[in-house]
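Here is a protein model to get to know by asking how we can tell what we say about it. Take a look first, then follow the questions.

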Amino acid sequence: MVARLVIAAPSSGAGKTTVATGLMAAFADRGLAVSPHKVGPDYIDPGYHALATGRPGRNLDAYLCGTELIAPLFAHGARGCELAVVEGVMGLYDGAAGQGELASTAQVAKLLRAPVVLVVDASSQSRSVAALVHGFASWDPQVRIGGVILNKVATDRHERLLREALEESGVPVLGVLRRAPAVATPSRHLGLVPVAERQAEALDAVRAQAEQVRAGCDLDALLALARSAPAIADAPWDPEDALRRHAGARVGPPLPQGSAGQVPTAGPVIAVAGGPAFTFSYAEHVELLEAAGAEVVTFDPLRDEHLPDGTRGLVVGGGFPEVYAPELSANESLRKAVAELARSGAPVAAECAGLLYLARSLDGKPMCGVLDADARMTGRLTLGYREAVAVGDSPLAAAGTRMRGHEFHRTVLEPGAGAGPAWGMVRPERRVEGFVHRGVHASYLHTHWASRPDVAARFVEACRG
């Protein structure tokens, strides 16, 4: 059994990330093996969680992966750990638009049978805090709110007023945090600035968050609350098992003909873009590629002038190419290598930032030119869950493959779809989107392959040629 806490809030902006990351770091500093998790499709917060714990930050998204995978994915990430801290998304009861509690922090807490700690921005209230906490604690009797952490408390007097009010609510105060500029993390058009772009500053911020939490929270009481969670019966998710159970996908590198019992040959090299410009990825994607037999090699399009030796396939995920457009454009050698790989028909999977990198240009700067489309920044945010179906066959998905995904960008691509689109969106709106051309599958849609392990197997099989 893994002790666990879900860190939630009445709304966005209350300080969930600061508190969750600070708790992770503070408990890790105590010598505990801490497993970090994030509810929803967020890629940025898990980077700070990883910095705090030394373990990969993992997402728990009931919309993308289905409710049945939440506990197994949690157990997979928490394997070997003593404590897990799960940061919520938005407000405690906020989920996928128009679909009830689906993908909400409350739903994930129930699926994990985990106690919830409510982080409340107390900066503009005193006695009303009791009514707020009472309402959240009583709304769903299956959600167990085990305590409150009061954030942005102004003075000792303010703290006394808040504590007196909460005595009537029956929910214990497990921490009080003052305003602290040192723990702030800078934001921009898509949220926090990722760790990969500010390693030293991010480390300082995490240390400051840990110190603030240590000073203001009852860590012993929080740990006791976490240990009160009952055992989870679900077996941990396993990438090899997931591949076996989906369409009989091949697991591991193939044995040469007639060589049963011999050491298997190396699998195809799949290059995965990383570095500051491409920070959006789920840890399970690489785990599935490797379980399917690929040799995954990470490269940085800002620095590396060539693709890894022997590259047979390419994965370019999300991130911030718009921030680094001049640098990406200046790396002409790599842009040409990517274009040549795509022209050869090699499998290429690109999501969001990867889509922009494969375009002809981004904000007027030349990109790889794999797609006959141009991208530019806009002031409009495109955000939300999507249900999609593959329009045609590609190395990533067979025609008719249904997947759920998430869009999150302030750019626009013109045209938005090629002669062979990647996806037909079926909800919340009907439209086609993205590009399938030769071996390329490029789209704005972020997907979580744990929900469809067969796409990873299909991609690796295509890379074997």
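Q: Which element gives the largest share of the lining of the second largest pocket?
A: That's α11, with 5 residues. Keep in mind as we go that this is a predicted model.

Q: What else makes up the lining of the second largest pocket?
A: The lining has 42 residues, and F278, T279, F280, S281 and Y282 lie nearest the pocket's centre. Among the elements that supply at least two residues each are α2 (45-53), β3 and β10 (269-273). The volume of this pocket is about 890 Å³.

Q: Why is the pair E284 and R58 called a salt bridge?
A: The test is a side-chain nitrogen of Lys or Arg within 4 Å of a carboxyl oxygen of Asp or Glu. For E284 and R58 the closest N and O atoms are 3.1 Å apart, so the pair passes.

Q: What makes E284 and R58 a tie between distant parts of the sequence?
A: E284 sits in helix α11 and R58 in strand β3, so the pair links parts that are 226 residues apart in sequence.

Q: Why do E284 and R58 count as buried or exposed?
A: Buried means under 20% relative accessible area. E284 comes in at 1% and R58 at 9%, so both are buried.

Q: How do you know that K38 and D45 form a salt bridge?
A: Their closest N and O atoms are 3.3 Å apart, and the cut-off is 4 Å, so they qualify. K38 has 4% relative accessibility, so K38 counts as buried. D45 has 5%, so D45 is buried as well.

Q: What are R452 and D454 called, buried or partly exposed, and why?
A: The line is drawn at 20%. R452 has a relative accessible area of 22%, so R452 is partly exposed. D454 has 19%, so D454 is buried. Their side chains meet in a salt bridge, at 2.6 Å from N to O. Elsewhere, salt bridges that share partners join D156, E159, R163 and R178 into one network. The structure holds 27 salt bridges.

Q: How do you know that D61 has no salt bridge?
A: The nearest side chain of opposite charge, R404, is 7.6 Å away. A salt bridge needs a distance within 4 Å, so R404 doesn't count as a partner. D61 is buried all the same.

Q: What does the side chain of D61 have as polar partners, and where is D61?
A: D61 is in the loop between β3 (58-60) and α3 (62-65). A polar atom of the D61 side chain lies 2.9 Å from the backbone nitrogen of Y63, and the backbone nitrogen of L64 also lies 2.9 Å from a polar atom of that side chain. Leaving aside neighbours within four places in sequence, D61 is in contact with residues including G40, P41 and A103.

Q: What is noted about the phi of A103, and why is A103 called buried?
A: A103 has a positive phi of about 70° although it is not a glycine. A103 is in the loop between β4 (83-87) and α5 (105-112). With a relative accessible area of 4%, which is under 20%, A103 is buried.

Q: Why is D363 called partly exposed?
A: Partly exposed covers the range between 20% and 50%. D363 has 34% relative accessibility, so D363 fits there. D363 also has a positive phi, about 50°, although it is not a glycine.

How values were computed:
Residues numbered from 1 in each chain as written. Predicted model: local features only at pLDDT ≥ 70, side-chain atom pairs only at ≥ 80, totals over all residues. Heavy atoms only, no water. Helix = DSSP H or I, 4+ residues; strand = E, 2+ residues; numbered from the N terminus. Buried < 20%, exposed > 50% of the residue type's maximum accessible area, 1.4 Å probe, protein only. Lys, Arg positive; Asp, Glu negative; His and termini not counted. Polar contact = N/O pair within 3.5 Å; in protein donor to acceptor, adjacent residues only side chain to side chain. Contact = heavy atoms within 4.5 Å. 1 Å grid on protein atoms, 1.4 Å probe; cavity = no way out; pocket = protein on both sides within 12 Å on 5 of 7 lines; lining within 4 Å. Points joined across faces, edges and corners; volume = space filled by probe spheres on them.
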